[in-house]
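Hi,

Here is the structure I promised to pass on. Have a look at it first, and my notes on the helix packing follow underneath.

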Amino acid sequence: MRNKKTPEREKYETELEEAKKQEKEYGTDEARINLARVYDSLAFACKEERDFNGALEYHLQSYKICKDLYEEKRTAKSAVDYSSSCGNLGAICKDIGNMEKAAEFYGEAISIGKNAAEKLRTPKSYNSLALLYFEAGILNRRKPDRDMLKNAYDIWEVLVKEYPDNQAYRSLKSSAAIVLNEKYKKRRGLSGLFMRKRR
């Protein structure tokens with residue numbers, strides 16, 4: 001028996017109905033991308049409730065919209081939205097234990113995200129790309145992909161040098177360094193990293 005829905009989920013379900021109406025009535029790119037965002041918000045609310053099937057379904061709805069928009073427009077903005085949607089699907093597939101599909105979606109996200117980062121050339125776009133590399137790198141916690149992790153580390157190293165006051169970049173770089181450190185992994189395992197990240 002499913003737990004009672006949280007107020008957050010109920011809020012996004014209401015927003016979803018309105019977003020669907022807006023998209024149907026106007027059909028603009030803005031209305032479509034707003035609908036995709038509401039789907040993602042609802043997916044995150046489902047994830048909080050441990051309703052992973054619901055989260056997967058809503059992320060898939062967002063993915064379809066973002067992919068269609070990207071294929072129609074081919075703009076840097078549509079690429080960012082598409083890459084982000086792929087990353088969300090990768091994360092939820094990882095959560096439900098479907099590592100093969102997670103790897104597929106992360107690969108797609110990185111391919112599109114790399115192109116978007118180069119076009120936009122903003123710290124936010126490069127940080128998003130680094131996060132994708134990091135997530136893909138720790139897909140298999142027993143044997144992380146060192147090349148992916150090194151890519152994430154390298155991006156954060158540049159961001160730290162260019163934006164020394166941004167503590168988030170420094171923290172993320174440290175997280176990548178911890179996973180890359182074999183001695184740390186042998187001593188404490190990867191669980192230490194994930195506990196530290198949640199604080």
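Before the packing, a word on terms: axes here are lines fitted to C-alpha atoms, for helices over the stretch in contact, and angles run from 0 to 180 degrees between N-to-C directions. Helices are DSSP runs (H or I, at least four residues), numbered from the N terminus. Bear in mind that this is a predicted model, where local features need pLDDT of at least 70, side-chain atom pairs count only at pLDDT 80 or more, and totals for chains, interfaces and linings use all residues. Residues are numbered from 1 along each chain as its sequence is written, and side-chain values use heavy atoms, with hydrogens and water left out.

Let's start with α4 (residues 76-95) and α5 (residues 99-120): their axes come within 7 Å and cross at roughly 155°. That makes α4 roughly antiparallel to α5 (the label is for angles over 145 degrees). The crossing of α4 past α5 is left-handed, meaning that the near helix is turned anticlockwise from the far one by less than a right angle. Among the residues in contact (heavy atoms within 4.5 Å) are Ala79, Tyr82 and Cys86 of α4 and Phe105, Ile112 and Ala116 of α5. By class, this contact of α4 with α5 has 16 nonpolar, four polar and four charged residues (Ala, Val, Leu, Ile, Met, Phe, Trp, Tyr, Cys and Pro count as nonpolar, Asp, Glu, Lys and Arg as charged, and the others, Gly among them, as polar).

Next, α1 and α2: they pack at about 160°, with axes 9 Å apart. That makes α1 roughly antiparallel to α2, and α1 passes α2 in a left-handed crossing too. The residues making the contact include Tyr12, Leu16 and Ala19 of α1, and Leu35, Val38 and Leu42 of α2. Here the count by class is 10 nonpolar, three polar and seven charged residues.

As for α2 itself (residues 29-48), its 20 residues reach 29 Å from first C-alpha to last, close to the 28 Å expected at 1.5 Å a residue (1.5 Å times one less than the number of residues). Its buried residues (under 20% relative accessible area) include Arg32, Ile33 and Asp40, and the buried set packs against α1 (7-26), α3 (52-73) and α4. After α2 comes arginine 50, with a positive phi near 65°.

One last residue: asparagine 115 sits in α5. Its C-alpha is 9.0 Å from that of valine 80, although the two are 35 residues apart in sequence.

Cheers

Methods
Helix = DSSP H or I, 4+ residues; strand = E, 2+ residues; numbered from the N terminus. Parallel < 35°, antiparallel > 145°, perpendicular 65-115°, else oblique. Buried < 20%, exposed > 50% of the residue type's maximum accessible area, 1.4 Å probe, protein only.
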